[in-house]
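Okay, thanks everyone, let's get going. I'll put the structure up and then walk through it chain by chain.

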Amino acid sequence: MTKAGVGAGTGTTVAADAPAATVGLPRRRGVELSLIVLAVLLSVYGYCAVGLARNGSLPPGAAGYGAGLGVLALLAHLAVRLRAPWADPLLLPIAVLLNGMGLVLIYRLDLETPGERAAPTQLVWSTVGVALFIVVVTALGDHRVLQRYSYVCVVAALALLTLPILFPAVNGARIWIRIAGFSIQPGEFAKVLLAVFFAAYLAANRTALSYAGRRIWRFSRMQLPTGRVLGPIVTIWLLSVGVLILERDLGTSLLFFGLFVVMLYVATGRTGWIAVGLLLASLGAVAVGRLEPHVHSRIEDWLHPFASIEAGQGANQLAQSLFSFAAGGAFGTGLGVGHSILIGFAAKSDFILATAGEELGLAGLSALFLLYGLLVERGYRAGLSARDPFGRLLAAGLASIVAFQVFVIAGGVTGLIPLTGMAMPFLAQGGSSVVTNWAIVALLIRVSDSARRPCGAPSAAPPTDPAAAPLAGPVARRAARRPHGPTAVQPTEPRTEPPTAPLGVQPGEPVDALVDKGPKSPGRTG
Amino acid sequence: MTRHIRHAAVFCALLLAALLVNAARVQLVQSGSYDANPANRRGSIARYAQPRGDILVGGTPVTGSRDTGEQLRYERTYQDGPLYAPVTGFASQVYGTTFLEHAGDALLSGSDPLLSPFPLWNDVTHGRAPGGDVVTTLNRHAQWAAYEGLDGRKGAVAAVEPSTGRVLALVSSPSYDPGMLSGNDARAERAWARLNRDPDKPMLNRAVRQTYPPGSTFKVVTAAAALDAGVVTDLDAATDSPAPYRLPGTTTRLTNEGDGCEDASLREAFEWSCNTVFAKLGVDTGLSGMTRTARAFGFNDESVRIPFGVAPSTFDTSLDRAQLALSSIGQYNTRATPLQMAMVSAAVADGGQVRTPYLVERTTRKGGATVATAGSRPSRQAMLPSTARRLRELMADVVREGTGTNAAIPGAIVGGKTGTAQHGLGNAGIPYAWFVSWAQGQRDPVPRVAVAVVVEDGSARRGDITGGGMAAPIARAVMEAVLDS
């Protein structure tokens, strides 16, 4: 599908963006548009398939649903086309398709629970998510601005994380706050903020953190970090354990810790960090598994998913989830005719993947996994091609968030690892999660836009001028590696970027320069 | 940093691979065992997701399905449930299935591979064909006549077509409404508990699952054995039999209800049901002769299925002569289901042929296309055709001028035999009233119906309990219903 779509879209691109193509890297906004149209059509097809399977007729809201999703996707596309024209063309279509499929699956499950409809709310949240996406893409001219707010980010993240402790526990976990009838999971937003903070902190301090300590054993290439810089990782570890114990949210604490370890490794390249991380993680896991009954029972369920059946108490959620996947087989029962609702509580949120597995089969499930894989891959790709360490770390961190989240919850509901509550990105019911994931995609779009943007000299003629275009060719692009400069596309557009002066000083080390000029360096206090 | 981002990406790719491999494990490798887990409700949901096929009597369904809109969507309904309960059984979402609902379950529920358009089609599509229909051999009018004749008294009626073995009526009384057990709610639970508690055992299918001492009706078998063995050659010649008869090797004296049985001819003895004559005839025929004939009629056959199983009727094969004497008049360990006694009567009517009884004429797809038919059934010769002819004569005499005059139908040839079977410790129980018979209409080339009726009535005075008084009128009603239709 993807390959064909890209191929078909390329033709459109060349036709639509002929002037831009002369600049260098193709912008491929036409590809993006074609893929978005395809994603919307696929989602509408799924929506219709549910209705046809259930009532033998097209569902009444099909047109409205398609129009709503289409308008959201088109607005997002317009924002990207106008404000981030060089961004990776796959990120937005994947997000649209996953969000659309999520809405289809939730709508499908709503049919089983006429009393509580979740799809309309989810559509509202998706709209909020897309709105945030558009705001981020439009207002955030350059992702490096965020570096300046790294402390604001970490304070906000900690505040968001501790907020739910003040609210009553829901289903054994203190991760929700209720405001005006809406349940919000602040921890979701904290993920992005922490990723921003980690990226900024590590970009500033990676040299210090790279100092090698003693080797673990002779001739080993693995070296432990020095004791002085162990502080931060221990702090984050304690923070994760704190989250786990205070909020009983194993998934989130796992995610934070994994995120930090990966970003630390990416920043320093020290395998020792991974060893320390694994050691601390397993220490924490063993201790918590022993002490916390909540966590302990999850592990028991994972090891013996059918113990409750043998005890005569019927199938528990995990067993029902496994039944669901098994019932799907290779090709699934078809949308609308499975029985994943038997899972009961959380069928639309944590266990949404079971519906996909049962009704779309291994084929559909693998397709979803591959879509996530592609999204993550595009995220890392943006990280690889970013020119500044902050951008690289940010993109890698955001991609890791998506990857870990998918692995933790998908592995949990399929019995690969102990189950921890976590939202399947874009797919699962849950407003905070959808909004957060749109923010993640928006940031990735920003990073990839700045990474793929050709950097002409500030004085370069606008490439929209056909006569000047050949001059701003590959040579010009390669010569000036500065991240900023007038873009070829919208030369008259007012930029919301910070002043270019500090960024333009040292093309090789723009980030460190920026950080050092800041009032406080996160690295020195963190 | 580039290298390390690549490492992180490779790590994520490994995670993705683990997810894919694990998904394949759950969805392909272990899918079968998960599907078969008893706690997995998908099997039940699929089973009740479509209307169940119907059971037809005389071309019209006596069953139906009701859409409950619940998770287990369709529930079984029955028209005249108590009337047909011994045939249909019940199809409950909780308590399983019985009788035809059980024997034809695969077809009725649509899972029968014969229903799928192509071989293995349903396996590939995970689909289920619409439930097929089961067309029974029952005669609606005969069934009604038997049910109304029993009128709630404990008892059973079985009627078969002698020339084919088709079961025309199968009634057990008291009965119950199987529709009460269909659902999975508290109502079904209460009904189940109440029916199981009921001392009258309404769910017991007395026509095929209960054996009774056949009493004097077994004298048909004894007479056939004696005639086949040549112990009696002339129906009207006096037999050398004392009355009362002292059971061989004992001091027990066997008596008759009436007088005139001493040295009576076989015709007289049959007409007036002389215990002494038949006890001695059985002893004279010998254990092997009696056993052979009883077996040929279907006694001691544990494999009868119509298509649901029939309790085996028994004739003890290791007896001393006193026990043989009692067994020959349908006492001691001799026991028979009503259906078995109908087969005995049918064999007499059909020239000695015992046809395997069957209840399902054919099975069809939802649209009516035939899936399978009853086909030709094996039959065996229970007695010589000449013996059968003479027994018909004897049985016709019983109805014309003997104990069974209540079964006479004007304008038809009817043969019958009454029975009053004692049972219980020291024969203290209230005797069972039996009547077995067959009937041939004026224009019929062969007898069209053979019936066995048993009434185990606790309310009547003991003196009134005779097969001729209580059971024969029911048999006549059933035979008339068949002859008229």
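**Two chains, one walk-through**

So, chain A to begin with: among its contacts with a separation of 6 or more, 70% are between residues 24 or more positions apart. Keep in mind as we go that this is a predicted model. Chain A has 526 residues, and 53% of them count as buried. Its secondary structure is 22 helices and 4 strands.

Now, the nonpolar packing. Which residues touch the most other members of the largest nonpolar core? Those are Ala199(A) and Met263(A), in a core of 157 residues. As for who supplies that core, the largest share comes from α17(A), with 17 residues. If you click on Ala199(A) and skip its neighbours within four places in sequence, you'll find Met263(A), Phe390(A), Leu393(A), Leu394(A) and Gly397(A) in contact with it. And there's another core, apart from that one, made of 128 residues. Its members include Met341(B), Met395(B), Ala452(B) and Leu483(B).

One residue I'd like to stop at is Glu377(A), which sits in helix α16 of chain A. Is Glu377(A) buried or exposed? Somewhere in between: Glu377(A) has 18 other C-beta atoms within 10 Å, so it comes out as partly exposed, given that the buried label takes 20 or more and the exposed label 12 or fewer. If you want a sense of distance, take Glu377(A) and Gln147(A): they're 230 residues apart in sequence, and their C-alpha atoms are 24 Å apart in space.

Okay, on to where the chains meet. On the chain A side there are 42 residues in contact with chain B, and on the chain B side there are 29. Which helices of chain A each supply at least two residues to that side? We've got α11 (250-268), α15 (317-328), α16 (352-385) and α17 (389-413). The biggest contributor is α16(A), which puts in 12 residues. And if you sort the chain A side by class, you get 25 nonpolar residues, 15 polar ones and 2 charged ones.

So that's the A side; let me switch to chain B. Here we have 485 residues, with 53% counted as buried. The secondary structure is 17 helices and 18 strands. Along the principal axes, the C-alpha atoms of chain B fill a box of roughly 120 × 45 × 40 Å. For the contacts in chain B between residues at least 6 apart in sequence, 68% join residues at least 24 apart.

At the start of chain B, an unreviewed UniProt entry puts the feature "signal peptide" at residues 1-23. In the model, that span is 96% helix and 0% strand, and its end C-alpha atoms lie 33 Å apart.

Last stop, a sheet in chain B. What is the strand order in this open sheet of 5 strands? Reading across, you go β2-β1-β7-β13-β14 (chain B), and the pairing is mixed. The edges are β2 (60-61) and β14 (370-373) of chain B, each pairing on one side only. Zooming in on one end, β1 (residues 55-57) of chain B runs antiparallel to β2(B), with 2 bridges joining them. To see one of the residue pairs, look at Val57(B), whose bridge partner in β2(B) is Thr60(B).

That's my tour, and I'm happy to go back to any part of it.

Technical notes:
Residues numbered from 1 in each chain as written. Chains lettered and ligands numbered in written order. Predicted model: local features only at pLDDT ≥ 70, side-chain atom pairs only at ≥ 80, totals over all residues. Contact = placed C-beta atoms within 7 Å. Nonpolar A, V, L, I, M, F, W, Y, C, P; charged D, E, K, R; others polar. UniProt positions renumbered as here; feature names shortened; annotations may be inferred. Pairing = 2+ DSSP bridges. Core = buried A, V, L, I, M, F, W, Y, C linked by C-beta atoms within 7 Å.
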